[in-house]
Amino acid sequence: MQHRSDVEAADALKQAYQQIRSEIGKVIIGQDEVVKFVLISIFSNGHCLLVGVPGLAKTLLVQTVSQVLDLDFKRIQFTPDLMPSDIIGSEILGEDRNFKFIPGPVFSNIILADEINRTPPKTQAALLEAMQEKAVTAAGVTHKLAQPFFVLATQNPIEQEGTYPLPEAQLDRFMFNVALNYPSFKEELQVVKNTTSTLKADVKKILNAEQIIYFQQLVRNIPVTDNVMEYAVKLVSKTRPNSEFATPQINRLLTWGAGPRASQFLILGAKCHAVINGKYSPDIEDVQAIAKPILSHRIVRSYHAEAEGLSAADIIEQLF
């Protein structure tokens with residue numbers, strides 16, 4: 001898949017994105033923002049955490065994305081008794097009396113980590129290495145994962161009973177933390193119509209693994225002006241209490257700010273957001289458009305913020 005220039009390739013990515021959106025729209029009604037962020041994280045080579053109550057089509061969304069992108073898909077249902085070897089695979093003694101490695105479900109392009117906070121830290125950590133290194137280690141041997149590799153984890157915000165909250169270091173590995181909301185009345189009506197009849201949507205494949213890797217490279221090649229780069233880094237710096245850019249209001253509302261990884265993801269995400277909207281270089285609006293799902297899980301609200309009922313999104317809004 002070669003294009004004569006980056007401009008031509010950027011146009012191709014925009015067109016592919018629109019086709020993907022319309023194919024996913026055959027199955028997933030509404031949830032436009034969520035679909036946009038999931039696709040941006042795939043093209044930016046990041047991972048995505050979806051937070052929402054049961055029944056909002058989180059699993060269906062991931063399955064549909066993997067179909068449209070013609071990628072290998074595995075679903076891992078996280079439970080308290082899940083072991084690291086259940087995810088990454090294990091060594092077994094073969095008939096020839098030699099040990100051989102049997103790969104686990106993590107050896108796939110798209111992993112749906114369903115209810116990731118239901119499993120103990122030991123198993124969460126096994127997935128963490130795969131997310132960060134794009135490789136897993138079993139019996140001292142490192143096995144590379146297939147590319148592209150993308151983890152979409154889901155979390156249920158209302159159940160805290162018997163769960164193991166993801167530590168901040170692990171949350172930081174996710175590019176986006178996307179909150180799913182209930183559908184509107186009209187959307188829910190459409191969902192019920194579509195899912196209680198014999199109607200079956202036929203989804204076409206738009207891109208394959210090789211094309212996705214090409215587009216991930218293209219996103220990195222997109223130029224960014226210094227003022228946009230400075231804006232993104234300053235935005236992240238503002239979240240850090242008692243730093244040079246923090247306002248007295250932020251010092252009061254936050255106890256902890258975002259790390260440098262947030263700045264990297266802001267720029268990568270802004271590049272991708274610009275291209276899918278027909279621009280060849282991101283501007284400040286692109287940074288702001290993706291800032292909330294990138295920063296919301298990287299800041300820790302203070303007692304004052306919680307007492308005033310301010311969400312992470314409200315505080316990020318004040319930073320603009």
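Buried, in what follows, means under 20% relative accessible area, exposed means over 50%, and partly exposed is whatever falls in between. The structure on screen is a predicted model, and the tour begins with one residue pair to which that scale applies.

**Stop 1: Asp72 and Lys74**

Select Asp72 and Lys74, which form a salt bridge with their closest N and O atoms 3.6 Å apart. Lys74 has a relative accessible area of 31% and is therefore partly exposed, while Asp72, with a relative accessible area of 37%, is partly exposed as well.

**Stop 2: the two domains**

Now colour the chain by domain, with domain 1 covering 6-210 and domain 2 covering 223-318. The centres of domain 1 and domain 2, taken over C-alpha atoms, are separated by 24 Å. To display the contact between them, select the 20 residues that domain 1 contributes and the 18 residues that come from domain 2. The area buried between domain 1 and domain 2 is about 1,800 Å², and carbon and sulfur atoms give 65% of this area. On the side of domain 1, Asp172, Met175 and Asn177 supply 29% of the area buried against domain 2, which is more than any other three residues supply.

**Stop 3: polar and charged pairs across the interface**

Stay at the interface and turn to its charged side chains, where the count between domain 1 and domain 2 is two salt bridges. Select Asp172 and Arg261, whose side chains form a salt bridge in which the closest N and O atoms are 2.8 Å apart. Across the interface of domain 1 and domain 2, eight residue pairs are in polar contact, with both residues of each pair at pLDDT 80 or more. The elements that give two or more residues to the side of domain 1 touching domain 2 are helix 1 (6-27), helix 2 (32-43) and strand 9 (176-179). Of these, helix 1 gives the largest share of that side, namely six residues. If you colour the side of domain 1 that touches domain 2 by residue class, its residues divide into 12 nonpolar, three polar and five charged.

**Stop 4: Met175**

Centre the view on Met175, which sits in the loop between helix 6 (168-171) and strand 9. Is Met175 buried or exposed? With a relative accessibility of 0%, Met175 counts as buried. Next, show the surroundings of Met175, leaving aside residues up to four places away in sequence: the residues that Met175 touches include Ile40, Ser41, Ser44, Gly46 and His47, and also Phe265, Gly269, Pro293, Ile294, His297 and Arg298. To follow one of these neighbours, draw a distance from Met175 to Gly46, which are 129 residues apart in sequence and 5.4 Å apart in space, C-alpha to C-alpha.

**Stop 5: helix 1 and helix 2**

Widen the view to the whole structure, in which a search finds 13 salt bridges. Side chains of opposite charge can pair when their charged atoms come close. Select Arg21 and Asp32, which form a salt bridge with the closest N and O atoms 3.7 Å apart. Because Arg21 lies in helix 1 and Asp32 in helix 2, the pair ties together parts that are 11 residues apart in sequence. Arg21 counts as partly exposed, at 23% relative accessibility.

Within helix 2, select Lys36 and Glu33, whose side chains meet in a salt bridge at 3.3 Å, N to O. Lys36 and Glu33 are three residues apart in helix 2, so about one helical turn separates them. Lys36 counts as buried at 13% relative accessibility, whereas Glu33 is partly exposed with a relative accessible area of 47%. Then add Glu23, Lys26 and Lys204 to the selection, which are linked in a network of salt bridges.

**Stop 6: backbone geometry**

Finish with the backbone, starting at the peptide bond that joins Gln147 and Pro148, which is cis, with omega about -10 degrees. Pro148 itself is placed in the loop between strand 7 (141-144) and strand 8 (150-155).

Where is Glu115 found? Glu115 is in the loop between strand 5 (110-114) and helix 5 (121-133), and its phi is near 55 degrees, a positive value in a residue other than glycine. Glu115 is partly exposed, with a relative accessible area of 22%.

The last selection is Lys134, in the loop between helix 5 and strand 6 (135-138). Phi of Lys134 is also positive, near 55 degrees, in a residue other than glycine, and at 14% relative accessibility Lys134 counts as buried.

Note on methods:
Residues are numbered from 1 along each chain as its sequence is written. This is a predicted model: local features need pLDDT of at least 70, side-chain atom pairs count only at pLDDT 80 or more; totals for chains, interfaces and linings use all residues. Side-chain values use heavy atoms; hydrogens and water are left out. Domain bounds come from an automatic or database domain assignment. Contact means heavy atoms within 4.5 Å. Buried area is the accessible area (1.4 Å probe) that two parts lose on being put together, summed over both. A salt bridge is a side-chain nitrogen of Lys or Arg within 4 Å of a carboxyl oxygen of Asp or Glu. A polar contact is a pair of N or O atoms within 3.5 Å; within protein, one must be able to donate a hydrogen and the other to accept it, and residues adjacent in sequence count only if both atoms are side-chain atoms. Helices (H or I, at least four residues) and strands (E, at least two) are DSSP runs, numbered from the N terminus. Ala, Val, Leu, Ile, Met, Phe, Trp, Tyr, Cys and Pro count as nonpolar, Asp, Glu, Lys and Arg as charged, and the others, Gly among them, as polar. Buried means under 20% relative accessible area, exposed over 50%, partly exposed in between (1.4 Å probe, protein chains only).
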